[in-house]
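These are my notebook entries on a structure that I examined chain by chain. The sequence and the coordinates are shown first.

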Amino acid sequence: MSFDFSILVLAIPFFMFLFLGLVGVKMGKKITGVVGTIAMGVTLFICYSIAFTYFFGTDQGQISAEGVRQSVLAYDWNWLTFTDKLVVKLGILLDPISAMMLIVISTISFLVHLFSLGYMSDEYGKPEKGFQRYYSFLALFTFSMLGLVVATNIFQMFIFFEMVGVSSYLLIGFYYTSPAAIHASKKAFIVTRLADLFFLVGIMILSYYTDTFDFNALMASPESALSSAHGQTFMGCSVMAWALTFIFIGGAGKSAMYPLHIWLPDAMEGPTPVSALIHAATMVVAGVFLVARLFPLYVLEQGSMNIVLVVGAFTALYAAAIACVQSDIKRALAFSTISQIAYMMTALAVSSAPGVGEEGGLGYMASMFHLFTHAMFKALLFLCAGAIIHAVHSNENSHMHGLHKFMPITSIAFLIGCLAIAGIPPFAGFFSKDEILVACYEKSPLWGVWMAIVAGMTAFYMFRIYYLIFHWKKHEVKEGHHAPHDMQWTMTLPLIILAVISCVAGFIPFGKYVTADGQALHTHTNWPVAISSVCIALVGIGLATKMYFKENDLPSKLKSKFNGLWTAAYNRFYMDELYQFITHKVIFQKVCKPIAWFDRHVIDGTMNLLADMTTSASFAIRKMQSGSIQSYVLYYFLGAIMLAAVTMVIVLI
Amino acid sequence: MYLIPSLIMFGCGVFGFITRKNMIAILISLELMLNSVDINFVVFNRFLYPDQLNGMFFALFAIAIAAAETAVAIAIIINVYRVAKKVDISEITKLKF
Amino acid sequence: MDSVGNLIIYAIAAIAIIAFSILAVTTKKILRSATYLLFTLLATAVIYFQMDYEFLGAVQIAVYAGGIVVLFVFAIMLTHKPGKDAEPLSSHKKWLGVGAAFAGAAVCAGALFSYGKFCCAKLLPGSGFDIKEIGSALLDTDKFGYLLPFEAISILLLACIIGGVVIARRR
């Protein structure tokens with residue numbers, strides 16, 4: 001299989017978007033879903049074969065003589081030519097991280113397509129309203145996300161960045177009759193848009209000084225790219241540091257880093273499979289992917305890297321703290337996602353340049369590894385949550401409790417997901433998280449301890465969610481509702497597949513394939529770190545078991561004891577209120593109101609004055625247009641005489 | 001001195017065109033104006049370029065056009081009269097919006 | 001003015017033009033107005049004759065006096081009851097018309113008298129054009145040939161005939 005087929009990876013989802021969107025209404029709901037899923041399956045197959053060829057093929061020259069894995073430029077078309085050097089291209093770039101992302105995206109997307117067949121139907125298997133629209137948007141999202149990861153240049157990446165934003169907006173607002181969903185979609189769109197503005201500014205600065213958008217050109221000599229703006233400073237920092245920071249802000253918006261995280265919890269208003277696909281596994285890691293893509297630049301610009309580090313580490317702890325008290329299971333999972341993505345960011349930020357020191361580039365590899373495993377087990381958790389929500393028709397864990405007996409498969413799959421995220425060997429999360437912790441200790445013990453604490457909190461809140469859903473007390477079946485049960489095969493099969501992946505993904509020798517410089521990185525288990533992290537995780541799990549396994553009053557006691565902290569965390573440390581205050585009280589009142597006044601009174605007033613003058617003038621001269629030919633002749637004649645008189649006077653004088 | 005009657009004739013044409021209400025009278029005034037212009041052409045031709053015929057031909061064509069124009073105008077007037085039974089332009093206001 | 005006879009003829013023609021023009025636009029009876037127009041046109045023809053443009057004078061009499069005025073008379077007969085006077089003019093409108101006419105006349109007269117030599121210029125002895133010359137000029141394509149306007153006028157006349165028929169046709 002050659003890389004020429006890689007264009008199909010983009011073409012099929014895009015075609016399906018158009019096809020399902022336009023023809024879906026005629027086709028009927030069931031068929032639309034099945035066709036969409038089959039097409040996604042084909043895409044999955046192609047993605048796998050491309051990735052397989054890329055990682056294991058030898059005849060394409062991907063691995064150079066020195067053992068460095070080359071990136072492959074499968075397609076590259078000129079699209080817009082600004083100047084001779086500054087050309088926007090569209091194309092497909094395959095390198096270790098994009099090949100890995102192809103696997104992640106196509107897998108999750110396919111499973112979500114499959115899962116949605118069941119989820120988007122009611123109990124009797126009848127598809128919901130807007131089923132075709134849903135599948136069409138899913139295809140659009142898959143197309144944009146795949147286009148994002150294979151982007152050959154930063155501008156193409158930006159285009160697809162926007163497109164995933166749009167499809168995320170469309171899918172969050174899928175239930176457009178509910179005001180909460182509309183607000184959530186608007187919020188997501190505006191916040192990410194704001195971040196993308198910074199991204200665009202960053203791109204402009206970067207390309208202005210380096211004269212190129214191409215990743216290959218930037219990566220080939222990151223030092224010269226950075227030094228192209230040598231000596232240019234702005235507010236005490238070099239221009240390149242600003243550019244990279246701005247680009248990071250763009251990524252932070254998509255990846256829900258503090259303080260741009262506020263949209264992600266609200267985005268849970270969308271259908272749960274969408275949350276699994278977009279807001280857990282793929283789109284939210286776009287920011288991480290972006291930083292990883294530009295890693296050679298970031299690693300040389302330590303100022304920007306430190307910002308990434310601080311933001312990432314803080315977000316990890318902050319989101320984990322909030323996740324400990326949320327009662328809505330999807331929101332709790334959302335905060336867990338934020339925390340884990342922050343983990344990846346931190347891992348990238350603590351990574352040093354490949355070849356520097358003993359473990360150079362380990363953080364990069366660990367981050368990508370964690371991205372991969374996290375996508376799998378977080379999608380698993382979300383899909384489980386989807387199955388549960390579909391069964392009990394509620395997001396609140398107070399409506400669940402004790403579901404283990406009713407939904408055994410879901411329960412086991414959820415447990416596997418929790419173990420994976422908590423970092424218990426031999427599940428996937430252990431390996432990736434362990435390497436992140438090693439990389440953090442490498443950077444500084446402070447960050448190592450910090451991230452270990454976050455890991456402990458992760459274990460605690462995940463098991464809290466698990467116990468509150470599946471144990472705690474006996475489930476009460478409400479009047480008029482039938483008892484919850486495991487779902488049909490379209491919904492359970494994805495859970496089982498993801499659970500299996502979560503079990504075994506950790507054993508993939510990731511360092512051999514995905515590294516910062518393309519050379520194989522041999523990892524070895526750092527036993528003290530591994531053991532301590534497992535211990536911390538076990539402590540977290542034990543604590544959760546103590547508090548939440550059986551119904552008791554320990555949680556409420558703790559709650560009343562730390563009431564202030566609990567309330568603050570439950571209300572997400574009042575970040576949303578702060579945003580509300582800033583936008584409404586400060587920006588709207590103090591900035592927008594005067595501008596609106598100016599617009600309404602001065603600018604509109606000028607225009608209205610012109611219009612009024614025209615109106616009154618035309619009313620004044622309306623009488624002259626009498627329709628009487630004779631008066632017209634009179635005016636004409638007088639005018640002619642006047643001209644003649646003037647001419648005469650000029651000629652005579 | 002040939003221009004003086006032409007001038008007065010033109011003034012009469014203007015006056016008639018502006019003041020009369022009858023459409024045929026207006027047309028008559030128009031003929032007066034055209035005629036005065038014809039005289040001017042001929043006079044200037046005769047006084048300035050006695051051995052050429054430009055002005056005379058101009059007058060000739062003007063007469064032909066005047067005849068054509070009058071024919072069409074009278075056709076219109078008769079048609080209007082047939083519809084409205086009037087020839088006063090102040091009373092024919094049906095086409096006004 | 002080479003001879004007193006010419007001068008007298010000119011004076012008669014000029015006075016006739018002035019008088020009948022004024023009468024044509026001021027008279028109350030529309031049929032009289034048409035008749036005065038006829039006299040004015042005839043007087044104009046006299047002036048053409050006097051300037052040795054016999055052909056033009058003949059055309060003037062034939063087309064104007066013989067054609068157009070007859071058309072007017074027919075139209076008047078078709079649209080007017082005999083013996084009915086036109087309504088008196090409103091004084092406001094009358095003064096407006098008088099003002100406009102006098103203003104125009106004043107400007108033109110000013111222009112005329114500022115080139116005062118025209119007023120008393122001698123009429124040069126005309127070389128006299130025979131009808132043959134005019135005919136060949138009308139159908140000539142040289143510098144002083146008038147074939148193109150001639151044809152254009154003929155097409156215009158054709159269009160007017162058709163237009164007149166179409167407009168006046170009873171539906």
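**Entry 1: A loop in chain A**

I began with A:Ala256, which lies in the loop between α9 and α10 of chain A. I recorded at the outset that the model is a predicted one. The phi angle of A:Ala256 is near 60°, a positive value in a residue that is not glycine. Is A:Ala256 buried or exposed? I counted 30 other C-beta atoms within 10 Å of A:Ala256; the cut-off for a buried residue is 20 or more, so A:Ala256 is buried.

I then looked up A:Pro259, which lies in the loop between α9 (239-255) and α10 (263-266) of chain A. The peptide bond that leads from A:Tyr258 to A:Pro259 is cis, and its omega is near 0°.

**Entry 2: Chain A overall**

I noted 26 helices and 4 strands as the secondary structure of chain A. Chain A has 653 residues, of which 52% count as buried. I also checked the contacts in chain A between residues at least 6 apart in sequence, and 79% of them join residues at least 24 apart.

**Entry 3: Helix α12 of chain A**

Why is helix α12 of chain A described as largely enclosed by the rest of the structure? I found that 8 of the 8 residues of this helix (residues 286-293) are buried, so the description follows. The buried residues of α12(A) are A:Ala286, A:Gly287, A:Val288, A:Phe289, A:Leu290, A:Val291, A:Ala292 and A:Arg293.

I next examined how α12(A) packs against helix α15 (residues 329-350) of chain A: the angle is about 10° and the axes are 9 Å apart. An angle under 35 degrees counts as roughly parallel, so α12(A) is roughly parallel to α15(A). On the α12(A) side I listed A:Val288, A:Val291 and A:Ala292, which meet A:Ile341, A:Met344, A:Met345 and A:Leu348 of α15(A). By class, the residues of this contact are 7 nonpolar, with no polar and no charged ones.

**Entry 4: Helices α1 and α4 of chain A**

How do the axes of helix α1 and helix α4 of chain A cross? I found that the axes of α1 (residues 6-27) and α4 (residues 131-149) come within 8 Å and cross at roughly 160°. This angle makes α1(A) roughly antiparallel to α4(A). The crossing of the two helices is left-handed.

From α1(A), I listed among the residues that make the contact A:Val9, A:Leu10, A:Pro13, A:Phe14 and A:Gly24. From α4(A), the contributors include A:Gln132, A:Tyr135, A:Ser136, A:Phe143 and A:Gly147. The contact of α1(A) with α4(A) has 13 nonpolar and 6 polar residues, and no charged ones.

**Entry 5: Chain B and B:Leu32**

I recorded 3 helices and 0 strands for chain B, in the pattern α-α-α along the sequence. Of its 97 residues, 56% count as buried. Among contacts in chain B with a separation of 6 or more, residues 24 or more positions apart account for 45%.

I selected B:Leu32, which lies in helix α2 (residues 23-48) of chain B. B:Leu32 has 30 other C-beta atoms within 10 Å, so B:Leu32 is buried. Which residues are in contact with B:Leu32, leaving aside its neighbours within four places in sequence? From chain B, I found B:Met9, B:Cys12, B:Gly13 and B:Gly16. From chain C, I found C:Ser21, C:Ala24, C:Leu37 and C:Thr40. I also looked up B:Ser6, which is 26 residues from B:Leu32 along the chain; the C-alpha atoms of the two are separated by 9.2 Å.

**Entry 6: Chain C and its partners**

I turned to the contact of chain C with chain B, which takes 68 residues from chain C and 54 residues from chain B. On the chain C side, the elements that give two or more residues are α1 (4-26), α2 (30-50), α3 (54-79), α4 (91-114), α5 (131-138) and α6 (147-168). This side of chain C divides into 52 nonpolar, 13 polar and 3 charged residues.

The contact of chain C with chain A takes 8 residues from chain C and 8 residues from chain A. Here the side of chain C has 5 nonpolar, 3 polar and no charged residues.

I closed with C:Asp52, which is found in the loop between α2 and α3 of chain C. C:Asp52 is not a glycine, yet its phi is positive, at about 70°. With 17 other C-beta atoms within 10 Å, C:Asp52 is partly exposed.

Conventions:
Residues numbered from 1 in each chain as written. Chains lettered and ligands numbered in written order. Predicted model: local features only at pLDDT ≥ 70, side-chain atom pairs only at ≥ 80, totals over all residues. Contact = placed C-beta atoms within 7 Å. Nonpolar A, V, L, I, M, F, W, Y, C, P; charged D, E, K, R; others polar. Buried ≥ 20, exposed ≤ 12 C-beta atoms within 10 Å, placed from the backbone. Axes fitted to C-alpha atoms, helices over the stretch in contact; angles between N-to-C directions. Parallel < 35°, antiparallel > 145°, perpendicular 65-115°, else oblique. Left-handed = near helix turned anticlockwise from the far one by under 90°.
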